[in-house]
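Hi there,

I'm handing over the structure we talked about, and my notes on it follow below. Have a look at it first, and then read on.

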Amino acid sequence: MTTYSRPPGANQSDFVDARQFEEEVGTWLGDFKIANLDSSTRMDYWIPGVQLDVKEQKSPLGDRFTKHWPGVEQLDLFVIDELSVRRALHDHGTSAYFLIRQRPTGRLFLARADEMACTERVRLDRETSPGNKKGKWLVRLSGFRQITAHRSLLDVVLGGQIALPWKRSE
């Protein structure tokens, strides 16, 4: 495990930027959604039968991350909070999804919580205060489905809930 810190002011900047994208995603989900955007313990959206958490990568990851996964392109790496994954699995299992927007390229990726938990990863810690650490995972975006248009988000999510791909052996 490696420890790293965040630049000053990053929390507030991330919150404002994230809220804009979370609200945009809400417009993609239609009328039958409930937003939980102010909750720190619930996923961002509930659509009957599905939970969705919206994540965003503002810029390519720097050397402090890419050095942990030599040979992998910067734009193929994403950092996700371990607690988000654990909470999604515990509370919602295979009905929980993460929508990831990579702002530098505009690409959208979709990962079910069990796919996120099973993906190859590097675990890192961010020290929040002396002696207190927050677990982060460095994952490869190429391991998840890339969706090309926001209009396909619900189709992919709901289609996956019907197809039950987690029950197949491959």
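The charged end of Arg121 lies over the ring of Trp137, 3.9 Å from the ring centre. Please keep in mind that this is a predicted model. A similar arrangement involves Arg101, whose charged end sits over the ring of Phe21 at 4.0 Å from its centre.

Phe21 also takes part in the one aromatic pair that the structure holds. Its partner is Trp28, and the two rings meet edge-to-face, with 5.9 Å centre to centre and 75° between the planes. Both residues are buried: Phe21 has a relative accessible area of 2%, and Trp28 has one of 14%.

Next, strand 4, which covers residues 50-57. Eight of its eight residues are buried, so the strand is largely enclosed by the rest of the structure. Val50, Leu52, Val54 and Glu56 point one way, while Gln51, Asp53, Lys55 and Gln57 point the other way, and all are buried. That means charged residues such as Asp53 and Lys55 are among the buried ones, because buried is the label for under 20% relative accessible area.

Strand 4 has a neighbour in strand 3 (residues 45-47), with antiparallel pairing over three bridges. Ile47 stands opposite Val50 there. The two strands form a hairpin with two residues between them, and Gly49 in the turn has a positive phi of about 95°. Strand 4 also runs parallel to strand 6 (residues 96-102), joined to it by seven bridges. In that pairing, Leu52 has Tyr97 as its bridge partner.

Leu52 turns up again in the largest nonpolar core, which has 17 residues; Val25, Tyr45, Leu52, Leu99 and Leu153 touch the most other members. Two or more residues each come from helix 1 (10-28), strand 3, strand 4, strand 6, strand 7 (107-112) and helix 5 (153-163). Another core, of 16 residues, lies apart from it and includes Ile100, Ala113, Val139 and Phe144. If you want one residue to click on, try Leu99: its contacts include Phe21, Val25, Trp28, Leu52, Leu108, Ile147 and Leu153.

Now the charged pairs. The count comes to 13 salt bridges, and three of them deserve a look on screen:

- Arg19 and Asp38, with the closest N and O atoms 2.8 Å apart. Arg19 is in helix 1 and Asp38 in the loop between strand 2 (34-35) and strand 3, 19 residues apart. Arg19 is buried at 17% relative accessible area, whereas Asp38 is exposed at 70%.
- Asp76 and Arg140, at 3.1 Å from N to O. Asp76 lies in the loop between helix 2 (63-66) and strand 5 (77-81) and Arg140 in strand 9 (residues 132-140), so this pair ties together parts that are 64 residues apart in sequence. Asp76 is buried, with a relative accessible area of 10%, and Arg140 is partly exposed at 31%.
- Lys136 and Asp81, with the closest N and O atoms 3.5 Å apart. Lys136 belongs to strand 9 and Asp81 to strand 5, 55 residues apart. Lys136 and Asp81 are both buried.

Finally, Glu82, Arg86, Arg123 and Asp125 are joined into one network by salt bridges that share partners.

Best wishes, and enjoy looking around!

Definitions and conventions: Residues are numbered from 1 along each chain as its sequence is written. This is a predicted model: local features need pLDDT of at least 70, side-chain atom pairs count only at pLDDT 80 or more; totals for chains, interfaces and linings use all residues. Side-chain values use heavy atoms; hydrogens and water are left out. Rings of Phe, Tyr and Trp (its six-membered ring) pair if their centres lie within 6.5 Å; planes under 30 degrees apart count as stacked, over 60 as edge-to-face and the rest as tilted. Buried means under 20% relative accessible area, exposed over 50%, partly exposed in between (1.4 Å probe, protein chains only). A charge sits over a ring if NZ of Lys or CZ of Arg is within 6 Å of the ring centre and within 35 degrees of the ring normal. Helices (H or I, at least four residues) and strands (E, at least two) are DSSP runs, numbered from the N terminus. Two strands pair if DSSP finds at least two bridges between them. A nonpolar core is a set of buried Ala, Val, Leu, Ile, Met, Phe, Trp, Tyr and Cys residues joined through side-chain atoms within 4.5 Å. Contact means heavy atoms within 4.5 Å. A salt bridge is a side-chain nitrogen of Lys or Arg within 4 Å of a carboxyl oxygen of Asp or Glu. Lists of a residue's contacts leave out its neighbours within four places in sequence.
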